[in-house]
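Me: I would like to learn how to read the strands of a protein model, one feature after another. Could you take me through it slowly?

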Amino acid sequence: MEKTITLIALGALACTAAPGSAQDRIDTVMRGQYACELPGNAAGAVAVPQPDMDFRIKSASRYSGNGGEGIYLFRGGTLQFTTGPRKGERYRQVRDGFMRKLDADGKESRLRCIRMAR
């Protein structure tokens, strides 16, 4: 009897622990045009525009950039372009309307993208 209660308790614990181990929730990014730039320096411009890196979030899962369109996935604060001209690029959302590009190791690069307009 004691073994049965222990097994039931472990089973219940496993069921309640499962959502915590599930992947992060899928969400959307604020629509609009994102202008990308590198930080400047004290002797010059505050920022150095990188227009080839700009993109537009068009809808709940679509983007455009680099002369084409594609689909993105936003999960756990990370934006990933999954199809189209930017396929494979990833960004971390710092706050609404502000992204930092991630390098291949998942570390933030110097490139930042800011929502300019809807």
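**Reading strand pairs**

Reply: Let us begin with one pair of residues: Tyr 34 has Arg 115, in strand 10, as its bridge partner. Please keep in mind that this is a predicted model, in which local features need pLDDT of at least 70 and side-chain atom pairs count only at pLDDT 80 or more, while totals for chains, interfaces and linings use all residues. Residues are numbered from 1 along each chain as its sequence is written, and side-chain values use heavy atoms, with hydrogens and water left out.

Me: What counts as a strand, and how many strands and helices are there in the chain?

Reply: Helices (H or I, at least four residues) and strands (E, at least two) are DSSP runs, numbered from the N terminus. Here the chain has 1 helix and 10 strands, and along the sequence their pattern reads α-β-β-β-β-β-β-β-β-β-β.

Me: When do two strands pair, and in which sense do strand 2 and strand 10 pair?

Reply: Two strands pair if DSSP finds at least two bridges between them. Strand 2 (residues 32-39) and strand 10 (residues 108-117) do so in the antiparallel sense, over 5 bridges. Strand 10 also pairs with strand 9 (residues 98-102), again in the antiparallel sense and over 4 bridges, and there Leu 102 has Glu 108 as its bridge partner.

Me: How many residues lie between strand 9 and strand 10 in their hairpin?

Reply: There are 5 residues between these two strands, and in the turn Gly 106 has a positive phi of about 85°.

Me: Which strands does strand 5 pair with?

Reply: Strand 5 (residues 62-65) pairs with strand 4 (residues 55-57) in the antiparallel sense over 2 bridges, and with strand 6 (residues 68-75) in the antiparallel sense over 4 bridges. Tyr 63 is a good residue to follow, being the bridge partner of Ile 57 and having Gly 70 in strand 6 as a bridge partner. A hairpin of 4 residues joins strand 4 to strand 5, whereas the hairpin between strand 5 and strand 6 has 2 residues between them, with Asn 66 in the turn at a positive phi of about 55°.

Me: Where do the side chains of a regular strand point?

Reply: In a regular strand they alternate between the two faces of the sheet.

Me: What share of the chain counts as buried?

Reply: Buried means under 20% relative accessible area, with a 1.4 Å probe and protein chains only. Of the 118 residues of the chain, 23% count as buried.

Terms used:
Buried < 20%, exposed > 50% of the residue type's maximum accessible area, 1.4 Å probe, protein only.
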